[in-house]
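Colleague: I would like a close look at one small part of a model, followed by a walk through the parts around it. Please explain each term when it comes up.

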Amino acid sequence: MDTEAGLGALPHAPGTGRPVPEADAGVVERWRAGGGGELVELLARVREEAGGVAAFRLGPAPTVLVTDPTAVQHVLARFPERYVKRSHRARLLIGDGVMAATGAAWKRQRRLLQGQFTGTGMRRYEQRITAAARTTAERWDGYARTGQVLDVGREMHRFALDAIWRSLTGHPLDDETERELTAVEAVAAALPTLPADAADARDAVAADLARIDAVAGRAVEAARGGAHGPDGPGLVHVLTEAATERPEYTDGLIRDELVTLLAAGHETSATTLTWLYLLLDRHPAAREQALAAGGEGSPERRQAIQALIHETLRLYPSAWILPRHAAEDDTLAGYSVEAGTDILVCPYLTHRDPELWPDPEHFDPRRFTAPDGRPAHPGAYFPFGIGPRACLGLQFALRESTVLLEHLLPVHVPEFAATPAKAEYGITVRPCGPTPATLAPLPA
């Protein structure tokens, strides 16, 4: 966004709505005077001053911040055709994959993948997720025996990448593939700082993109040649089979879908699990309460573990901000919004609204187990989005996180040597810095 212009009045769109309340110009000026900082700091000030639907300007055109649950549901779920995605921030990495696609192309791609991540489709990946969790548990047993320092964030990325790689290819993650796929994280982390010019941006990460393309190309060729992994065919086979009947599934689109699933399928889960362990380090009683809820494998323990995950996602949602663009004039929560207005829906701030979530900064998993512990409005909690463009991998992410914690929580408690002092707001909200820890020795 352009940062040169001052705050101005939001134009009143035709219709019955009132002008959107505006944050005072001083809010933006003070934010700039402080060095700009993270965008979330400015958005928090805008919401505090002007409310759950609020206008502000960083450039010549107004931007509308949406955190009110009813307005959130209006934008994302009720009228997604009025509030559209334009260009995904990660397009350089994921190309025309389903996360970045729009219009009819998005509908076709979503329809093909939808069944892979719900109901029967998810059951195909249960054993693969469990195998990845067991591999991680065995590795942690080794750390506990030797006293070796591990990086919890790195371990969570390794697990999540293993789980999605098994699901995509039928193969467990090997060391060489893991090394090559660190390029996915490198490109994702670089996206907010890349040059605005598309060619310059691509040049800046060309080496990493080439590594990603090589891994994707080998996986596609293996699937096309009929080679199945020990776990059988995976999602890549679904894509290559689609190409035999659907001409739009070119090699380029198959690559983009594969990289989209790789990036989205491990980054968000790994980040959530890392935050969860950092939160448990500060709130150890929450771990004990989850384990005491029921015996190993019981529905009660599983529900308590899922509450840990949901409370972590409340504080650190997978997508902390969801940009949209008003495709037509509309009335939003009683306010007029003109076509062409940029909209920022912010789960991070909705989830920390004290009118919705009492004591919102406090980590309290009981919000998701106690009766009336959380707001009933669907727009009050949406870490994966809501509506037709909600994250495809929601069930996959929750399942893999739950399975891993069922394996690790009863046995291992990381003792952190240091913890990150702040969060980093990029494509996801991630801990800013390493997370070194040791594990207590296993009982004899």
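Leaving aside its neighbours within four places in sequence, which residues is A339 in contact with?

Modeller: The model is predicted, so local features need pLDDT of at least 70 and side-chain atom pairs count only at pLDDT 80 or more, while totals for chains, interfaces and linings use all residues. Residues are numbered from 1 along each chain as its sequence is written, and side-chain values use heavy atoms, with hydrogens and water left out.

With its neighbours within four places set aside, A339 is in contact with A326, A327, E328 and D329. Contact means heavy atoms within 4.5 Å. One of these partners, A327, is 12 residues from A339 along the chain, and their C-alpha atoms are 5.2 Å apart. A339 itself is in the loop between β8 (335–337) and β9 (342–345). Helices (H or I, at least four residues) and strands (E, at least two) are DSSP runs, numbered from the N terminus. A339 has a relative accessibility of 39% and counts as partly exposed. On this scale buried is under 20% relative accessible area, exposed is over 50%, and partly exposed is in between (1.4 Å probe, protein chains only).

Next comes a sheet. It is open, has 3 strands in the order β5-β13-β10, and its pairing is antiparallel. Its edge strands, β5 (150–151) and β10 (414–416), each pair on one side only. Two strands pair if DSSP finds at least two bridges between them. Between β5 and β13 there are 2 bridges, and D151 stands opposite P436 of β13. Between β10 and β13 (residues 436–439) there are 3 bridges, with E415 opposite T438. The two faces of β13 differ in cover: A437 and L439 make up the covered face, P436 and T438 the uncovered one. Helix α7 (residues 126–146) lies across β5, β10 and β13, and runs at about 80° to β13. For such angles, axes are lines fitted to C-alpha atoms (for helices over the stretch in contact), and the angle between N-to-C directions runs from 0 to 180 degrees.

D151 also leads to a helix. It caps the N-terminal end of α8, with a side-chain oxygen 3.0 Å from the backbone nitrogen of G153. A polar contact is a pair of N or O atoms within 3.5 Å; within protein, one must be able to donate a hydrogen and the other to accept it, and residues adjacent in sequence count only if both atoms are side-chain atoms. Helix α8 (residues 152–169) has 18 residues, which at 1.5 Å a residue should span 26 Å, and its end C-alpha atoms are indeed 26 Å apart. The expected span is 1.5 Å times one less than the number of residues. Of the 18 residues in α8, 16 are buried. Just after α8, G170 takes a positive phi of about 85°.

Helix α17 gives a similar check: its 15 residues reach 21 Å from first C-alpha to last, close to the expected 21 Å. In α17, 11 of the 15 residues are buried, among them F396, R399 and L408. The buried residues of α17 pack against α6 (119–123), α7, α8, α13 and α15. F396 also belongs to an aromatic cluster with F117 and Y125.

That brings in the aromatic rings. The whole structure holds 9 aromatic pairs. Rings of Phe, Tyr and Trp (its six-membered ring) pair if their centres lie within 6.5 Å; planes under 30 degrees apart count as stacked, over 60 as edge-to-face, and the rest as tilted. W275 and Y316 form a stacked pair, 3.7 Å centre to centre with 0° between the planes. W275 lies in α13 (residues 251–282) and Y316 in the loop between α15 (299–315) and β6 (322–326), so this pair ties together parts 41 residues apart in sequence. W275 is buried at 6% relative accessible area, and Y316 is buried at 13%. The rings of F368 and Y381 have centres 5.0 Å apart and planes at 55°, so that pair is tilted. F368 and Y381 both lie in the loop between α16 (347–350) and α17 (394–408), so the pair ties together parts 13 residues apart in sequence. F368 is buried at 14%, and Y381 is buried at 8%.
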